[in-house]
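Trainee: Pick one part of this model and take me through it slowly, please. I'd like to hear about salt bridges and their surroundings.

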Amino acid sequence: CLLSRGLGDVYKRQEEIPETTDGEGSVEFRTTTCSEVDSQTTRAQTSLPDNCKPSGNSFKLVVKGKEGTATAEYLAEYTTLSEYTAPFMPSGDYTATISYGDPQQEGSTAFCYQGALDFTILARKTIQKTITASLTNSVISLECGEWFKKYYSEAQFTVQTEAGNNFSFTHSSSPDTPIFVKPGSKLLLKGTAVKAQNGVKVEFPQQQLSLIHISEPTRQEAIS
């Protein structure tokens, strides 16, 4: 897992932390972003471009007490991490969840990340915890190989998602311009190209592609 450059911001209170009462403590959060995906075609991992990673203070934060414990009724939500000031909390067990993006959206900027961490607040202590957010949607990238470029030119492809969105790729498209789609979405691919040998335009009929959604929720398959 690669840590995103520019992240790792620590969110805590700016003033001097005073003595707290018995039974209360606080937590400071550090965030990192894992932007690796598994390629369905190469079976290798690749990292997304830096512009496909949210900044640390863009994450939404939810802190919730553990079910079945004394903290079960605790719930605090922050629209962005920059709003978090490490308030005093009753000692006990909690879960912190960070998230970014809308998983129902699709497109070149529709990347979504999420991460969660269990932690325990200690009385009269301030602890530090790191939450890693990973990509939660699937990725499409299309690149024409050298063999294809040798025999065809002016290639144009369209990928249609199960939601009905269409995304275009050309002869010069590269993996540096990925498209983010709903996890496990059914994909349909069609296109055209011109034969380099005789200039005849050929059509590639629509066919279904598939994204294999890995059971581990923090990792997705990518088509390249």
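Mentor: Sure, with one cut-off up front: a residue is called buried under 20% relative accessible area, exposed over 50%, and partly exposed in between. Bear in mind that this is a predicted model. Searching the whole structure turns up 4 salt bridges, and I'll go through some of them.

Take Asp50 and Lys53, whose closest N and O atoms sit 2.8 Å apart. Asp50 has a relative accessible area of 40%, so it counts as partly exposed. Its partner Lys53 comes out at 15%, so that one is buried.

Next, Glu77 and Lys60 meet through their side chains at 3.9 Å, N to O. That pair ties together distant parts of the chain, with Glu77 in strand β6 and Lys60 in strand β5, 17 residues apart. Lys60 is partly exposed, because its relative accessible area is 36%. Those two strands also pair with each other, antiparallel, over 4 bridges, and Val63 stands opposite Ala76 of β6. Along β6 (residues 75-78) the side chains alternate: Ala76 and Tyr78 are buried on one face, while Leu75 and Glu77 point to the other and aren't buried.

Then there's Asp118 with Lys66, 3.2 Å between the closest N and O atoms. Here the link runs from Asp118 in strand β9 to Lys66 in the loop between β5 and β6, 52 residues apart. Asp118 is partly exposed at 48%, and Lys66 is partly exposed too, at 28%.

Methods: Residues numbered from 1 in each chain as written. Predicted model: local features only at pLDDT ≥ 70, side-chain atom pairs only at ≥ 80, totals over all residues. Heavy atoms only, no water. Buried < 20%, exposed > 50% of the residue type's maximum accessible area, 1.4 Å probe, protein only. Pairing = 2+ DSSP bridges.
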